[in-house]
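Take a look at the model below, and then we'll walk through a few of its helices and loops together.

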Amino acid sequence: MRVRPFFFICTMATAALCTASTFAGGDPCNPGCPEGALIEAEACGADTNGGCNAPSGGTSNCCTAWFGLGCDDVTCQDIVCGLDSWCCTTSWDGLCAASAATNCPELCPPPADPYEAIACGDSVCGTFWADGSFRDTDWYTFSLDTTTEVTWSVASLTGVAAFILDSNCPPFVIAVGQGACPTSVTYCLDAGSYVAFVAPNVFAGVPCGSGDANNYVATLTCGGACVPPACGGETTGDCCVASATPFCNDATCCEAVCAADPFCCSNSWDGLCASEAAGICWQICGPDCDLTCPEGASLEGEACGEDTNGGCNAPPAGTSNCCTAWFGLGCDDVTCQDIVCGLDSWCCTTSWDGLCAASAAANCGELCAPAGDPYEAIACGETVCGTFWADGSFRDTDWYSFTLEAATEVTWSVRSVIPAALFLLDSACPPFVFASAAGANCPTEVTYCLEAGSYVAFVAPNIFAGVPCGSGEGNNYVATLTCGGTCVPPACGAEGTGDCCVAGAAPYCNDLTCCEAVCATDPFCCSVAWDGQCASEAGAICFELCGPDCDLTCPEGASLEGEACGEDTNGGCNAPAGGSSNCCTAWFGLGCDDVTCQDIVCGLDSWCCTTSWDGLCAASAAANCGELCAPAGNPFEAIACGETVCGTFWADGSFRDTDWYEFTLESAAEVTLSVKSVVPAQLFFLDTACPPAILASVAGASCPTELTFCFPAGGTYRAFVGTTIFNGLPCGSGEGNNYVATLTCGPACDALENDECDGALAVVDGANDVDTFTATGALELPAECLSAGSSTIFNDAWYAYTATATGTVTVSTCNSVNFDSRLAIFSGSCAEPVFVACNDDFGTCGGFTSELTFDAECGETYLVVLGSFTNGVTGSGTLNITPSGECPSDCITDLDNDGDTDAADLAILLGNWGQVGLLGDFDNDGVAADDLAVLLGGWGPCD
């Protein structure tokens, strides 16, 4: 994976469109051009005010991304490729062109003046666009004579990225605003010249000609005098605590952290910055910790700066470069090179990296063996006073070996003023991790029940820089190994382990066969935690144990899938090519055996001819080389509305069977694909392209798993049926291989009533039925909601919840919806929503479902947004709401705290009937007839 530093504004985009009706019906996002406003001089489709992104004035292809190798000016090419070899070995992409613009200024001059001017108090009415993975960026320059608080505000129907930048190229990003409309960003700036930047927050979907979606109104407002935030500033936060603003209040610490991580002084002093401060600024952030070496303690044999007890990390005794990462091709010992590259061709075709060196250490015997014994011995009850360090992206790791005669509960405790990372390991290299802990505590501790045998206690700084030798107490630690009484080590099938089919916080589960099968596929489940992923894997591998109660009898009149288990005749876009050319499959050499196809593919992606003909190259060949890679026969089976098909699927050896069915609609219709199976099923509705566009998807372990989608027009579409797993279900797995699929087509469907905020449906404490099948919107959340590269809720549905208690409220789809969900909470109104909380994937919840907890005030109404992580994914299930606390009211029967005991309160009580501890359970024995009598006795206005 090629990792490049961020500096070019055009690389930033994560959000989807913000439709005008998301909150208030459109006016804040589409105000019209105000009287007296400036008009942007650049027409839609032009790029004259593109600032640092403006196209070069020269004609050399060095100055633009063209995705071949190198460029037509040898001098500039040598400069750029000397800085980044990617540009001459793989692709001359946008980053290479940007480097040329910076380093070859005579060759790639910018246009005359790629900026427009704006003054404090000005509004500008402009246009922008986003089409074909490109977007228009507009750059406005302004100057300040004194230190001033500046606000840059942009109103548009399209989601906006609004930045305040310095005047350099590449620019320094001073402040960022993204998301809801209008989007604004405020910052206190020193006197000087700056840039106000605006662009769509997307790269496609808003071509010129999109009407009001191409328009924006931007205003630059300059307030009074202010004090710019800076390291050591009075208004900045504690360096040791995360905050939403940049900088912190200790100048020395702040400057040191920001030298390592500039984000902390440009965007926000977030949790990572606070963690970095805990290590770098241990003098002010470290715990109050007595590091006096106790009487009778041992002294670590390794002095600070040495690495004699580095365990599996100890340097090898030999000098072969096979044993270290050197990033060339192959290594200097041919025998070892052949072993390693036979296991991982990357090491001989791309780079001898750290994984290659680790493979050499594991597979090349004495060639990479460490000098001497890289472990120190420690005994139960012993304390060791040692040193560690972290400097220049390296850290010292200390490995202590010990032996147990019987199963014993072991605690490894380390006192230090810098954050420590602790592990209990087996004695192999690479080791198996039994337990771990990390933190800035005094002490940091990890406890685990170990069988008799030999083990390793590991300690290291939990940082990689900022604590060189000579850092005083920051280099010291005091570690103690304590062995308690006998214990029963956790293991597959052991008493006290959890249900294999349910996520838990501890490793292993209670069914021996299932547990061993899952952990053979995913060792994490038996070393760290039996989390939601492990429970999902158990649902597939252990379908007899975890699968739903499912009748898979093939109904009378059903069709039979034409493909037998083990075949792949209806594999759709995944079907194997009919020809024998290696262009059509990943083979990881260079190029392929059909020169015409090779030239087409490598012209689109030079990687395929310079590095490896991988799966992406094979996919490109399938898409661009016509009949050469066409599947044999028709890889799609037909299915009609109302038809049921009894089929088989399988998953074995990292491959799975996928079945593709084609159907035709006469007109717009709501279509449901329902699949009964005892293993988790994955369903898609797709268009007819290869690769296809995903219209909707769902995955789950229910019977049936159902996918519903509103097709907007008649035409031909495809339904996909597969299992969510890639191994553990070979043909011959009985009912695990079978499914019964039914395609049901109804009339055109109505829009979702609560598709927008102003249609929010009421939800109450307890379980609420929810679905997002026809939801269409997309809502960009604040940056703190970023998860897996996205902070957008897609296909969102809106609900209104009136708090029935003052305290915390938990809102959850954990294991209760059949899609990858996201949740967010807002207070206030649709016109002026105030963000409260969000969650994407919660802890031990399976299926990437969600849960969040927020502080609520009794009687206040909150907006609950439920949607999905991926555009086009919808589903249904239950939204569970659990309050904690009570309403501060003397009128106990006024359950909604509106001053009256009335029908609304009766509805709440009846909705919680039989539940203990929920609203209406006045005597805490479950909502029943005696509670109903109390409520009816209090009917009417509260006194």
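## Two helices that cross

In this predicted model, helix H10 (residues 512-521) packs with helix H11 (residues 532-541) at an angle of about 115 degrees, and their axes are 10 Å apart. The crossing of H10 past H11 is right-handed. On the H10 side, the residues that meet the partner are Cys514, Ala517, Val518 and Thr521, while H11 brings Cys534, Glu537, Ala538 and Ile541. Sort the residues of this contact by character and you get six nonpolar, one polar and one charged.

## Helices with a buried side

Next up is helix H7 (residues 334-343), whose buried residues are Cys336, Gln337, Val340 and Cys341. These residues sit on the same side of H7, because they cover an arc of only 120 degrees around the axis. Turn to the face away from that buried side and you meet the exposed residues Val334, Thr335, Asp338, Gly342 and Leu343. And what covers the buried residues of H7? Helix H8 (346-349) and helix H9 (354-363) are included in that cover.

Helix H16 (residues 903-911) can be read in a similar way, starting with its buried residues Asp905, Ile908 and Leu909. Seen down the axis of H16, the buried residues fall within an arc of 95 degrees, so they line one face of the helix. Ala903 and Gly911 are exposed on the other side of H16. As for neighbours, the buried residues of H16 pack against strand S47 (900-901) and helix H17 (929-937).

## Two buried loop residues

Now for the loops. Here is how accessible two of their residues are:

| Residue | Relative accessibility | State |
|---|---|---|
| Thr158 | 3% | buried |
| Asn754 | 2% | buried |

Thr158 belongs to the loop between strand S7 (148-156) and strand S8 (160-166). Buried means under 20% relative accessible area, so at 3% Thr158 counts as buried. Its side chain reaches the backbone oxygen of Ala213 at 2.7 Å.

Asn754 lies in the loop between strand S36 (738-745) and strand S37 (761-763). With a relative accessible area of 2%, Asn754 is buried too. Which residues does Asn754 touch, not counting those up to four places away in sequence? They are Gly759, Ala760, Leu761, Asp796, Ala797, Trp798 and Tyr799. Take Asp796 from that list: Asn754 and Asp796 are 42 residues apart in sequence, and 8.8 Å apart in space from C-alpha to C-alpha.

Definitions and conventions:
Residues are numbered from 1 along each chain as its sequence is written. This is a predicted model: local features need pLDDT of at least 70, side-chain atom pairs count only at pLDDT 80 or more; totals for chains, interfaces and linings use all residues. Side-chain values use heavy atoms; hydrogens and water are left out. Helices (H or I, at least four residues) and strands (E, at least two) are DSSP runs, numbered from the N terminus. Buried means under 20% relative accessible area, exposed over 50%, partly exposed in between (1.4 Å probe, protein chains only). A polar contact is a pair of N or O atoms within 3.5 Å; within protein, one must be able to donate a hydrogen and the other to accept it, and residues adjacent in sequence count only if both atoms are side-chain atoms. Axes are lines fitted to C-alpha atoms, for helices over the stretch in contact, and angles run from 0 to 180 degrees between N-to-C directions. A crossing is left-handed if the near helix is turned anticlockwise from the far one by less than a right angle, and right-handed if clockwise. Contact means heavy atoms within 4.5 Å. Ala, Val, Leu, Ile, Met, Phe, Trp, Tyr, Cys and Pro count as nonpolar, Asp, Glu, Lys and Arg as charged, and the others, Gly among them, as polar. The arc is that of the directions from the helix axis to the C-beta atoms.
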